[in-house]
Amino acid sequence: MGAVSPPDRRSAEDLADATLVRRIRAGDRGAVDDLYERFRRPAFALARRILADDVLAEDVLQDVFLSVWRDPSAYDRARGSFASWLLAMVHHKAVDAVRREESQRRRQSRAGEELVLAAPVEAQDVEAEAWARVVSERVRSALGLLPAAQREALTLAYYGGYTQREVAALTGAPLGTVKTRMLAGMRRLKEELGGVAGGASLGGALGGPAPVDGSNR
């Protein structure tokens, strides 16, 4: 910023700038056009040097001249020449634009990385869900091949959520009989399903192993 100059030493350019500012303060829209023509080249060169982008530099210029039009009183003549003040504003707004662009690039980069990381997980989830549906359908079909008593015991235990003792009470069968029916039914299911839905997969499809009583839940 330049120092305050006495009136007798003020340059013709400073006087012309002061006239422009007075016209803007008076609401003369033509003064903004004159101001733009006067400072467009040095202001654009400064913004372009900071931003290294023509479009962003033009955006900064639009913002600067719009700011002057909206609030010409922001310029304080006692703090230096209008040219210095205007170019300082161009510098500040260009630096802000660089920061915004960098912040946006970081956000986009993070979003891209998160998308890449999330995609395989989503694919795995879909695959697991599809496989669970296949296993579940096969288990239900295999249940239909069991004797009624075995199917009833397994259905109550694994789909109804009843304990073996509760299944016994519901079916009127001794607890030992219920255990035998469920064990035989599970063995038959494993034979029917083969290795496709054996072990943990079979238990998962049926809702997990059935406890003898509520204390195991």
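Start with the contacts across the whole chain: among those between residues at least 6 apart in sequence, 64% join residues at least 24 apart, where contact means heavy atoms within 4.5 Å. This is a predicted model, in which local features need pLDDT of at least 70 and side-chain atom pairs count only at pLDDT 80 or more, while totals for chains, interfaces and linings use all residues. For your selections, residues are numbered from 1 along each chain as its sequence is written, and side-chain values use heavy atoms, with hydrogens and water left out.

**The whole chain**

Switch to a cartoon view. You will find 8 helices and 0 strands, in the order α-α-α-α-α-α-α-α along the sequence. Helices (H or I, at least four residues) and strands (E, at least two) are DSSP runs, numbered from the N terminus.

Now turn on the surface. The accessible surface of the chain comes to about 13,500 Å², and 52% of that belongs to carbon and sulfur atoms; the areas come from the Shrake-Rupley method with a 1.4 Å probe, and for residues only the protein chains shown count as cover. Of the 217 residues in the chain, 29% are buried. Buried means under 20% relative accessible area, exposed over 50%, and partly exposed in between (1.4 Å probe, protein chains only).

**Stop 1: Asp17**

Select Asp17, in helix α1 (residues 12-25). Is Asp17 buried or exposed? With a relative accessibility of 1%, Asp17 counts as buried. Show its surroundings next: not counting residues up to four places away in sequence, Asp17 touches Arg38, Phe39, Phe82 and Ala83.

**Stop 2: Ala52**

Move on to the loop between α2 (29-51) and α3 (54-70), where Ala52 is found. Ala52 is not a glycine, yet its phi is positive, at about 55 degrees. This residue, Ala52, is exposed, with a relative accessible area of 55%.

**Stop 3: two residues of α4**

Helix α4 covers residues 82-143, and Met89 is a good one to pick there. Met89 counts as buried, at 13% relative accessibility. Which residues is Met89 in contact with, leaving aside neighbours within four places in sequence? They are Val64, Ser67 and Val68. Draw a C-alpha to C-alpha distance from Met89 to Val64: the two are 25 residues apart in sequence and 6.8 Å apart in space.

Further along α4, select Arg105. Arg105 is partly exposed, with a relative accessible area of 45%. Its side chain is joined to that of Glu102 by a polar contact of 3.1 Å. A polar contact is a pair of N or O atoms within 3.5 Å; within protein, one must be able to donate a hydrogen and the other to accept it, and residues adjacent in sequence count only if both atoms are side-chain atoms.

**Stop 4: α5, α6 and α7**

Two packed helices are described by the angle between their axes and the distance between the axes. Axes are lines fitted to C-alpha atoms, for helices over the stretch in contact, and angles run from 0 to 180 degrees between N-to-C directions. Angles under 35 degrees count as roughly parallel, over 145 as roughly antiparallel, 65 to 115 as roughly perpendicular and the rest as oblique.

Begin with α5 (residues 148-159) and α6 (residues 164-171), whose axes are 9 Å apart at an angle of about 130 degrees. The two helices α5 and α6 are therefore oblique to each other. To see where they meet, show Glu152, Ala153, Leu156 and Ala157 in α5 with Val167, Leu170 and Thr171 in α6.

Next, add α7 (residues 175-193), which packs against α6 at about 110 degrees with the axes 9 Å apart. That makes α6 roughly perpendicular to α7. Select Gln164, Arg165, Val167, Ala168 and Thr171 of α6 and Leu175, Val178, Lys179 and Met182 of α7 to display the contact.

Finally, compare α5 with α7: their angle is about 95 degrees and their axes are 8 Å apart. This pair, α5 and α7, is also roughly perpendicular. On the α5 side the contact includes Ala149, Gln150 and Ala153, and on the α7 side it includes Arg181, Met182 and Gly185.

End the tour on Ala148, in helix α5. Ala148 is exposed, with a relative accessible area of 51%. From C-alpha to C-alpha, Ala148 and Gly185 are 10.0 Å apart in space and 37 residues apart in sequence.
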